[in-house]
Amino acid sequence: MKSLSAATTGPGGCAILLAFALGASAGAANAQQSSLRDLFGARSGSESRKAPAPPVARYVSETGSAFVLDRASPQPLMKFENSSEVWVLSPQPAPRGDTIYKNEMGEPVLRATKLGGMTLFTSERPAGDAAALIGRATSIQPPTFISVNALFQRLVQASARASRAAQHRVSFETVDDATPATSVLVADTATVTAEAFEKMARNGDRNLLNRVARVLLAEGHKPGANLKGGDLTVTYAPDKGLSGRPSSKRIIKVVNK
């Protein structure tokens, strides 16, 4: 595939009004506290057992981060609503019967308690934020395949996103011919790479982005990335499913070397 750019009253009345106002204020405060407890649960003490979460569910953290957790298959997936990247998570047992979900880099992303509580870990809040279950969500599992035209459009979009982030043209090219079996993974690899460019730009790493002029998407035995000259080669492994491509964090790590 070719390169792409791609009133007034008396004293007695005042006292009554004041008492009424104070009561109303206290009632509103209590209602707000009750609402927060209902939404997030107590941060300390014992939890009450909750109904099991849907296999695909939407959560919102205390700081407002909304995400979807898809546990409908053995390979859990997670996606923030303000991002196009789908994270592949690895569940691992934790003390007290909890489960910790880690990303490709081995970093904890979520902690689920056996009673239904959920904690979100981010770089901004490494100690964790309580996350409230909002309800069911639509699956974020990828499709089985996409058409050649759809793949072409995904590469064009990735090139445009990366070019805007780097403030110069960054072409996206496929080294190996995409097949119906690999088209989805190739497209997702391009999307994740563009996400990495945008994250670096937001973090002020544009000087590093100046080093990349071309992204090469190549098939390999394991996912990875390598920067040589102006070429960033991002490798995907078709036999590993969606975990067969590197995350944006891994790509950023390579570019930052």
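A residue is called buried when its relative accessible area is under 20%. In this predicted model, buried residues account for 40% of the 257 residues in the chain. The chain exposes about 14000 Å², and carbon and sulfur atoms supply 55% of that area. Its secondary structure comprises 5 helices and 13 strands.

The aromatic side chains offer a point of entry. The chain holds 2 aromatic pairs. One of these joins Tyr59 and Phe67, whose ring centres are 5.4 Å apart and whose planes differ by 10°. This pair is stacked, because planes under 30 degrees apart fall into that class. Both partners can be placed against the burial cut-off given above. Tyr59 has a relative accessible area of 2% and is therefore buried; Phe67, at 0% relative accessibility, is likewise buried. Phe80 joins Tyr59 and Phe67 in one aromatic cluster.

The discussion now turns to the packing of two helices. Helix α3 spans residues 183-202 and helix α5 spans residues 248-255. Their axes lie 8 Å apart and meet at an angle of about 60°. An angle of this value makes α3 oblique to α5, since angles from 65 to 115 degrees would count as roughly perpendicular and those under 35 as roughly parallel. The crossing of α3 past α5 is right-handed. On the α3 side, the contact is made by Val192, Thr193, Glu195, Ala196, Lys199 and Met200. On the α5 side, Ser248, Ile251, Ile252 and Val255 take part.

How values were computed:
Residues numbered from 1 in each chain as written. Predicted model: local features only at pLDDT ≥ 70, side-chain atom pairs only at ≥ 80, totals over all residues. Heavy atoms only, no water. Helix = DSSP H or I, 4+ residues; strand = E, 2+ residues; numbered from the N terminus. Buried < 20%, exposed > 50% of the residue type's maximum accessible area, 1.4 Å probe, protein only. Areas by Shrake-Rupley, 256 points an atom, 1.4 Å probe, with all protein chains shown as cover. Phe/Tyr/Trp six-rings, centres within 6.5 Å; stacked < 30°, edge-to-face > 60°. Axes fitted to C-alpha atoms, helices over the stretch in contact; angles between N-to-C directions. Parallel < 35°, antiparallel > 145°, perpendicular 65-115°, else oblique. Left-handed = near helix turned anticlockwise from the far one by under 90°. Contact = heavy atoms within 4.5 Å.
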